[in-house]
Every structure is written in structure tokens, then in C-alpha cells.
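Open the model in your viewer and keep the selection panel handy. We will take a short walk, one selection at a time.

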Amino acid sequence: MTRTTHPGPGPGGSGPGPGVPDGPDDAKLGFSTPAGRRHITRVRFGPESRRDPQLPPLIRNALLDDRGQGQRCVQVRLSAADATEPAARALLDTEAGTALRLHRLVDGTEFAPLFPRLIGYELDTDEPFLLYDPPRGATAAKTHVMSSTDQRVLARDLMLALCLLDGQGLVPRGISPANVLWDGTSLQLWGLEGVTDVGRPRSAWGRAPYSSPEQRQGEGVTDSRDAVWSAAQVLYRLVTGRPGHADRAPADLGEHRVLAETLRDAFAPRATGRPTPAQLLDLLSPGASGRAALLAPPDETQQDRQVFEQALRAKRQAPVAPSTLGTGAGTALTESEVICPYCLETIQLDLGALYVTDSRMQYQPLNLAGVGKLRRQDVMRGAVQKCTADPDFPEHFIPVPYLTYGRPLTVAMVGQSSTGKSHLLTQMIAEITDGGLEPFGLSWQSVNPEQHARFVRERVQPLRNGRVLAHTTVLGLDGFARFAESLLLTDAHGQVRPVAFFDLGGEDLVRTDAALRFLLGVDALVFVVDPVLALPLPQLDHARERGGVEVNRDGDLAFATVLDRLPKTGQYLEVAATMVLGKADLLRFQSPVDRWLGRPGATSLDATLIREESQDVHAFLRRHAGQAWLRPFDAIRRCTLHVASATGGQEDQGRYPAGAAPRRVLEPLLSLLAMHGLIDVPGGPEAFARGEAAAWEAVPTDGDGGHGQFGVPGARGAGGPGRARDRERQRERGEEEQ
């Protein structure tokens, strides 16, 4: 029979039992529940210990005293010192995300006891934490002499847990006797901090013999059968009382009937030689894997996805005015012409109208007489030219490199002042200067070294140091917009093109007509959606309360103002655009945002993946925010949609507790550069932006009932992407690498 001892405050921990904590006096604790609601209660903590000696999270018992009714729980947290380490925060984020996904999947079902039950979490703080119901049972490390009947039940439960995780595309890397709990009748699996996605490159994790050989060495890509090895090793330890061999099946496996009957192949040294969790589960409990698969919730977004595909089809089929092909907002230009981004008149290089700034930042005329050829290029790179093309326009100056490399590309950030677009632009520039464009065949150089140095000093460095940036102030006293930063990008073919970025405050776009004049010549737009304003989701209520804002169902007024001012020559606006669901860290545990925000940064442009991301974001906004927030996509022919987070977390008193950790900030810009031909993509810029015309447009799906429904490649209702399609791609890649 089973003999158990209490595991202390949690799996692998040590300390007092589950009684009332005897720590310091009551304190107030605020956190979010799994449903997204904000909760504040009094709490008393017990002593704490390190949950795993090799990992930073601490664990302690706690008593939540809500309206006089005490609720026992355990708190998993990071100390203030550990929380300064991005890797430690990433571990806690992983654990929180996994716990939330499992809560949504199994809460209220027969499978709920298999996993820790999350009570609440608070991550964007100096000492982030999670709250769980107390662990149920004792760790396998403290369990001795298990009967054969209990062995089969524990093996079944463990494979059932792995099967449920595999159904979500997740692999628990850290299974060991320290986080497998047994209460005499059923199992509970902890160790959620070690969970990762199927198909991700393996990194060294875990200890022998419980971590598979490939996992310990960090070879290949993660496979659900990695966890099968770990589970088999735990079961061997429970049956024999000793650890197994680190790299192969135990020599005495045949002496143990339960293990030999079900787990012989689970000890194969390579993942491809092991059975899947579902196969093992069906050996232990025939048909159980099918019942577990039925737990997956139905997809409710198929109609939203079909609306997206129908919109793309309409854009492909609508005629394009020949004069607008390959231009910005509608003005046809010859390749040699340069338009002043301010007055919008044609401008040419004039060596007699050049200026440089003095020590007081005042413009002084530049005399090139006596400047040799070797120095002239360097001197001119730091110079500006006074534009006199429109004598009635306020005085303005253009960097010389902007005039000497062909037609510039102008990019404007659009959104209300609270959207975080200035932070997004800053992180875009920072990623570029860190070499983020190099995998795509692009290199960069500043247009004006002094201007770039000032941008880095005043914007990039403070943000990287965790400071919240001040309000956008690129609108001059004369009422017209000036670009915030400009770069020279050289593509894979050696073609150099200036790229200038405008960043106006939302209220300036709405209030100042003069500020909108530059839009007549803009080439690309980045519309930044603030989820706090757009999405009436409960997990955003706390952010709305802190910011003193409410949900706006009518969309961003800045979007409407800009769209109304752009020149239109046909059914659609011809400017290239992206929509970015910004501050995505606020939604990092919400599907489908979690699918994209957690992906590694792109090193190549995959039109299929960008289309899937666009489809997911479009469906998400349509379902939760409403069509008004999708006006840019509806009005502009070439428009992709993305998720991004400029900071990785919420600010607290003017700083980001974890520092500013950008996620996917470069992807929107990559799409714009591809639409303008700076990045080569299969099929060309037009096919990239609107999707290739496909045979499915004319072929009804089976069983459509004659209602004109069409199969949508990639739509979940048509057996397409989402996480299921991700898993299929990743498994295929994994088979190739094994």
C-alpha cells in the first residue's frame, strides 16, 4: 500500500503543513482571478521555501480571509531580486499561461483534479505571484511501496494528463518524482513552469534520468513523447524505489509486469521510437484518449474567419486604378522624383541651400568650398536642406540623404495617445539598430547621425531601462508634423531607400487640420489598436480603472480622421497598411493572442503565417471589439493585422517592473516593407498583401447546403490552422530533425 507524507507548502517544498499560516500580520493582496476579475482580500502567509533548488520560484502557504471566510492556498512567487531577471519572469509567465489554459479546459470537469487549480495571479509587479489551491497528496519522491493496482491507476492518470496537454500542443518537460503527486486514489501533476509548445527547439532542461536524453542535451525540437520518457522513469522509480538508467531502458524492466506490458517502448532513446501519450493511455484504459479529445471546446470563430476571407476575395477582385499601382496614397510619381514629406512639393538637392546645426542647435549655412571629396559625403550626411518649394509653408528642413537615394518611404503611426504607439515605434527602431532586419536581406544606416543619436538617447535608452516615455511631441509650434526618426535601408539588391517615421499624438490628428497635410503623401500606415479601449474583456477592467478610460465601441477617432483625409481613387485606399493589436502583453494568456505573442521572432517572411495571424486578429477584433475597430482593414486594399507588445508588461509608477521586453514589434514593419518591395516575397507584394487567388473561391465545401458557404484554407472550421495546424507543422518539422 501507499505511505504518504505531507509535501510541505507545495511540490518539492518543505515546511509547515496545511494549517493556518503563522507568519506576519494580515496584509492586503490584490490579484486577478482566472475569469479576469479583480479581487482584493486580506492574506496571512506562512514560512516560505524554494520550490525547486535549481529554479527561482518560492512557495509558501497562505490564508485568504475573504469576508471572514478563510481560504487556504499556496502562493508561488518571485522575490524582488529574482524578478529582475527576465528568465525568471518568463518561467512564472509560462506557469501562469499553462495554468490558465488548463483551467479553461478542465474546470468543472472530471479531469480538473489532474492539475493544480489556479485561484489568482499578479504578474506585472515587483514581486509577481500565483495562487493555487493547496496541493493534493504527496510527491512521488516521498511515496514508497506502491501496489500494482495503484501503479496502473497512477500510470493511467499520468498518461491522461499528458494526453490533455498534448491536445493543447503542450509538453511538460519537468516531470519528475518531485512534481507528480499521489493521494492514494488519484494523481495531480505540477511542474507547469516546465511546459513548452510542441515543435519548439529543445533547450537543456531537467535532470537525469527523468529528462529524456534529447531534452537534456537540447537537441532537435520538442515532442510530446519527451514527456512519455519522463513519465516512464517516474513510474519505474515508484515501482522499484530506485531511479532508472539515464539513456536506455532499465536492465530489469522485464521483472516488473505492469511496466513491461505498457512502457517497454517508452524507454526508447529517441522520441520517434516511443509511443504517444494517447497510445499509452489506450493501452491502460481503452478508449480513454478519445474521451479526452472530446474535451476540446468547439471553435466559435468560423463565421468570423469566413468574413475575413470574403473580404480578401473582394479586395482581389476589385479593379485597381493603373495610376496608383506601386505608389503611396495615390499620387503617381516618377522614380527620380522626391516629394518633401512636409509641404508635399517636389524637391531636388541644392548644394547652395544646405545647413548644419551649431552647438546651440541652431541652423547655420554650410559652405562646401574647400571640402574635399573624401570628406564631402560625410559632411553632407549630417547636413539638411532648407525646402523652399512652397513659400507659403512654414520653414522646414530635410536631411540631405533623404534627397539623394531615390523616392523615400514614409510611414505614419496612427492611434490615440494612450495606445502605446510611440513605445511601439521606439522598439521598432531599436530592433532595427540591433540587426533585426538582417535576416531579411536589409541593412540600415541613419539618415542624419545627430538626429538618430538624439532619438536613441531620448527614446530608446530610457525605454530599454524600463522608463515610461513621455507624450509624443513631434507636432511643431507651426502646426505641421515632423518625422520622429529616419533611416536608410539597403535591400538585398543593393538598392538604398530612405524610410521616415511619423508619430503624431491622437489628439493632434483629430484637432489640427495642418497636421494632416502630410498624410496626402504618406506611403504606409500603422494603425495601433489599444485593447483597453477596444475590448470589453474583464481582464482589462483593471487597466481601464488605472487609466481612467472606458471601452469605446465606436472605434478609434484618429483612425476615422486619417482614413477620411487620405486620397481615394477607387473602391479602396491604395496606401499600404498594418493594424497592430498593441499592448498585447495584457492579453498574453488569451487565445488567439497567446498563439502569436509567444512565437519566436521571424527570420523569414511566411505569407501563409502572416495571413493566418491577420485572420486570427481580425476574427478576435470582430468578435470582441466590433466592426468599427476594423475600419482600416475594410477601407484599405493592402492591410495585414498583427499582435505586438512594446514593453512586455504594464507600467507601475512610471516604470516597467520587469523592464521593457518587446515582443513581435518588427513584424508589422516587415509586412509594410514587403508590400513596398524592400523584402522579396513569393508572388510579389500584391499577392503578399491580399493573398493569392485560390481555387477554393469557386468550389463550395461539402455539405454547404447550397447556402454559398466556401471552404476557407486555414480556417479552423475547415480543418485549418490555429494551434492544431501549428502542431501539425511542428510535428512534421520535428520528424525531419529526429
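**Stop one: a helix crossing**

Select helix 8 and helix 18 together: the crossing that helix 8 makes as it passes helix 18 is right-handed. Keep in mind that this is a predicted model. Helix 8 covers residues 302-317 and helix 18 covers residues 607-624; their axes lie 8 Å apart, at an angle of about 120°. Because of that angle, helix 8 counts as oblique to helix 18.

Now show side chains at the contact. On helix 8, pick Asp304, Arg305, Val307, Phe308, Glu309, Leu312 and Arg316. Facing them on helix 18 are Arg611, Ser614, Gln615, Asp616, His618, Ala619, Arg622 and Arg623. Colour this contact by residue type and you should find 8 charged, 4 nonpolar and 3 polar residues.

**Stop two: helix 1**

Next, select residues 86-106, which form helix 1. How far apart are its end C-alpha atoms? They are 30 Å apart, in agreement with the 30 Å that 21 residues should span at 1.5 Å a residue. Switch on a surface for the whole protein: 16 of the 21 residues of helix 1 are buried, so this helix is largely enclosed by the rest of the structure. Just beyond, click on Gly108, which follows helix 1 and has a positive phi, near 85°.

**Last stop: the whole protein**

Zoom out and colour by secondary structure to see 22 helices and 22 strands. Of the 738 residues, 55% count as buried. If you draw a contact map, look away from the diagonal: among contacts with a separation of 6 or more, 69% join residues 24 or more positions apart.

Technical notes
Residues are numbered from 1 along each chain as its sequence is written. This is a predicted model: local features need pLDDT of at least 70, side-chain atom pairs count only at pLDDT 80 or more; totals for chains, interfaces and linings use all residues. Side-chain values use heavy atoms; hydrogens and water are left out. Axes are lines fitted to C-alpha atoms, for helices over the stretch in contact, and angles run from 0 to 180 degrees between N-to-C directions. Helices (H or I, at least four residues) and strands (E, at least two) are DSSP runs, numbered from the N terminus. Angles under 35 degrees count as roughly parallel, over 145 as roughly antiparallel, 65 to 115 as roughly perpendicular and the rest as oblique. A crossing is left-handed if the near helix is turned anticlockwise from the far one by less than a right angle, and right-handed if clockwise. Contact means heavy atoms within 4.5 Å. Ala, Val, Leu, Ile, Met, Phe, Trp, Tyr, Cys and Pro count as nonpolar, Asp, Glu, Lys and Arg as charged, and the others, Gly among them, as polar. The expected span of a helix is 1.5 Å times one less than its number of residues. Buried means under 20% relative accessible area, exposed over 50%, partly exposed in between (1.4 Å probe, protein chains only).
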